[in-house]
Amino acid sequence: MLQEAIILAGGFGTRLKTVVADVPKPMAPVNDKPFLDYHFKYLAYFGIKKVVLSVGYLSEIITAHYGSNFNGIEITYAIEKEPLGTGGGIKMALQQCTTPEVLVLNGDSFFDINLRSFYNNHSDGISDCSLALRRVSNASRYGTITLDEFDLIEDFKEKTDKIEAGIINAGVYILSRELYNDETPKQKSFSIEKDFFEKKLNEISMHGYIYDGYFIDIGIPEDYKKAQHDFKTFKY
C-alpha cells in the first residue's frame, strides 16, 4: 500500500486573488481551516505516513503552520527557489521519497476516492503510472481523456471551452519514483501533463481509472464558495 505522498502546493492562485489574497491557494481557509488540513485528514485515514509539500509562493506561511508533523503524518518540504512547473516540482519532491511508488495530489483540489482501490487497480494493471479520473458534466475548464477497453489512456485532448461532458484528469496520480526520474526532461522546469503524460503516452503503461467520488477545484471563486458549504460534512 502507498505510504508516501507529494502535495503540490506552490501555485500563485491568480484566479482566487479576488477573495484570498494573502496566502497560497492550498492555505485558503475553508470553514476557518486551511484547505490543506482536509488533505492531511484524508491521507491519514488511508495510512499515508509521510507527505512532501512542494511549495514556492509564500512557502513560509505553509512551513510555519505545519512544521514537521500534522495529524500523525511526517512532513518535509521541497521549496522552489524559482517556478518549476508541476513536473519539476514533483521531481524535486521525489528526492525526499524512498518508497518505489508515490501518490501525488494537487493541493488546490480534492477528489474523494478510495486510495486502497486506486492502488489495487494500479497494481493489478501492472501500470507504470496511474491517473484518477472523473466524469464531469462540464469539462470546459479542463482537458479531457479517452481510454481503451483495458483502462489504458489513449489520448489527452486540449480544453475547448465548450460546455460538454467529459472525462478529466482529477489531479491524483500514482507514480513510479525510478521511472519518473528516468523518463522526465533534464531541465528543471517542466509540466507533468505536457512533458511526461502526453509525451510518454505511447512508451509506458499509463492507466486511467474513473471514480465517481466528490470532486472540487477551489481555483475559482465560485467553487471556493461552494467548498465552504460542502466541507461542513467532511467525513474523514
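**Questions about a predicted model**

Trainee: At 17% relative accessibility, which does Thr76 count as, buried or exposed?

Mentor: A residue is buried under 20% relative accessible area, exposed over 50% and partly exposed in between, with a 1.4 Å probe and protein chains only. The relative accessibility of Thr76 is 17%, so this residue counts as buried.

Trainee: Which pLDDT do local features need in this predicted model?

Mentor: Residues are numbered from 1 along each chain as its sequence is written, while side-chain values use heavy atoms and leave out hydrogens and water. Because the model is predicted, side-chain atom pairs count only at pLDDT 80 or more, totals for chains, interfaces and linings use all residues, and local features need pLDDT of at least 70.

Trainee: Which residue stands opposite Thr76?

Mentor: Helices (H or I, at least four residues) and strands (E, at least two) are DSSP runs numbered from the N terminus, and Thr76 lies in strand β6. Two strands pair if DSSP finds at least two bridges between them, and six bridges join β4 to β6, which run parallel. Contact means heavy atoms within 4.5 Å, and beyond four places in sequence Thr76 touches Lys50, Val51, Val52, Leu53 and Gln96. Of these names, the one opposite Thr76 is Val52.

Trainee: How many residues of β4 are buried?

Mentor: Both faces of this strand are covered, since Lys50, Val52 and Ser54 are buried on one side, and Val51, Leu53 and Val55 on the other. Strand β4 is therefore largely enclosed by the rest of the structure, and its buried residues number six of the six.

Trainee: Which strands stand at the edges of the sheet?

Mentor: Strands of a sheet pair through backbone hydrogen bonds, either parallel or antiparallel. Here the eight strands form an open sheet with mixed pairing, in the order β5-β6-β4-β1-β7-β12-β9-β13. Two of them have a single partner strand each, so one side of each is left without a neighbour in the sheet, and these are β5 (69-70) and β13 (206-210).

Trainee: At about how many degrees does the direction of helix α2 stand to that of β6?

Mentor: Axes are lines fitted to C-alpha atoms, for helices over the stretch in contact, and angles between N-to-C directions run from 0 to 180 degrees. Helix α2 (residues 59-66) packs on the sheet, where it touches β4 (50-55), β5 and β6 (73-79), and its angle with β6 is about 160 degrees.

Trainee: How many residues of α3 are buried?

Mentor: Helix α3 (residues 85-94) lies across β1, β4, β6, β7 and β12, and runs at about 145 degrees to β1. Its buried residues are Gly87, Gly88, Gly89, Ile90, Lys91, Ala93 and Leu94. The helix is therefore largely enclosed by the rest of the structure, with a buried count of seven of the ten.

Trainee: Which helix gives the most to the largest nonpolar core?

Mentor: A nonpolar core is a set of buried Ala, Val, Leu, Ile, Met, Phe, Trp, Tyr and Cys residues joined through side-chain atoms within 4.5 Å. The largest one has 48 residues, and those that touch the most other members include Leu43, Val51, Leu53 and Ile113. With six residues, the element that gives the most to this core is α1 (residues 35-45).

Trainee: What separation do the C-alpha atoms of Asp22 and Leu58 have?

Mentor: Asp22 is in the loop between β1 and β2 (29-30), and because its relative accessibility is 58%, Asp22 counts as exposed. Leaving aside neighbours within four places in sequence, Asp22 is in contact with Leu58 and Ile61. Asp22 and Leu58 are 36 residues apart along the chain, yet their C-alpha atoms are separated by 8.6 Å.

Trainee: Which elements give two or more residues to the lining of the largest cavity?

Mentor: On a 1 Å grid over the protein atoms alone, a cavity is a set of points where a 1.4 Å probe fits but cannot get out, and lining residues have an atom within 4 Å of a point. The largest cavity holds about 30 Å³ of space, and its lining includes His39, Leu105, Phe110 and Val172. The elements giving two or more residues are β7 (101-106), β8 (109-111) and β12.

How values were computed: 1 Å grid on protein atoms, 1.4 Å probe; cavity = no way out; pocket = protein on both sides within 12 Å on 5 of 7 lines; lining within 4 Å. Points joined across faces, edges and corners; volume = space filled by probe spheres on them.
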